[in-house]
Amino acid sequence: MSKEKKSPHIPIRTCIACGIKRPKKELLRLALNVDKLIVIDYSQRMSGRGAYVCHSCIHRLKPNKRLERAFRGQAKALSISNIQFV
Ligand SMILES: [Zn+2]
């Protein structure tokens, strides 16, 4: 019926807060903006390295080794700058 089903492969990513693996589309993507600040990549289209976190974890995400490693020390601050409480 739908050609959307042609690929059974679902990209899996690991939440950097709780370590649970989930399908990528169920996670929020974090990326660095031009100011080297960690922001939520709501468009999922920002270039460069990214990290993923569950929707339920985003509000309690603390700076940790996984976050640091995800951005290889390139982030200016290990906090997320644009969390929108929607
Ligand atoms: Zn999580």
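Two strands count as a pair here if DSSP finds at least two bridges between them. Keep that in mind for the views below, which all come from a predicted model.

**View 1. The whole chain, for orientation.** The protein chain has one helix and six strands, and along the sequence they come in the pattern β-β-β-β-β-α-β. Its C-alpha trace spans about 45 × 30 × 25 Å along the principal axes. Of its 86 residues, 20% count as buried. If you look at contacts with a separation of 6 or more, 54% of them are between residues 24 or more positions apart.

**View 2. An open sheet of four strands, in the order E5-E3-E4-E6.** The pairing is mixed. Strand E5 (50–54) and strand E6 (77–80) sit at the edges with a single partner strand each, so each has one side without a neighbour in the sheet. On average, neighbouring strands here are turned by 25 degrees against each other, direction ignored.

**View 3. E3 alongside E5.** These two strands run antiparallel and pair over five bridges. Pick leucine 28 and look across to E5: its bridge partner there is valine 53. As for how covered E3 is, five of its six residues are buried.

**View 4. The hairpin of E3 and E4.** Strand E3 (residues 27–32) also pairs with strand E4 (residues 37–40), again in the antiparallel sense, this time over three bridges. Four residues lie between the strands of this hairpin, and lysine 36 is the one to check on your Ramachandran plot, with a positive phi near 65 degrees. Leucine 30 has isoleucine 40 as its bridge partner in E4.

**View 5. Leucine 30 and what it touches.** Leaving out residues up to four places away in sequence, leucine 30 is in touch with Ile38, Ile40, Asp41, Gly50, Ala51, Val53 and Ile80. Ile40 is a residue you've met already, as the bridge partner of leucine 30 in E4.

**View 6. The largest nonpolar core.** This core holds 16 residues, and the ones touching the most other members are Cys15, Ile16, Leu30, Ala51, Tyr52 and Val53. Two or more residues each come from E3, E5 and helix H1 (65–70). E3 makes the largest contribution, with five residues. Two of the well-connected members, Ala51 and Val53, also turn up among the residues that leucine 30 touches.

Conventions:
Residues numbered from 1 in each chain as written. Predicted model: local features only at pLDDT ≥ 70, side-chain atom pairs only at ≥ 80, totals over all residues. Axes fitted to C-alpha atoms, helices over the stretch in contact; angles between N-to-C directions. Core = buried A, V, L, I, M, F, W, Y, C linked by C-beta atoms within 7 Å. Buried ≥ 20, exposed ≤ 12 C-beta atoms within 10 Å, placed from the backbone. Contact = placed C-beta atoms within 7 Å.
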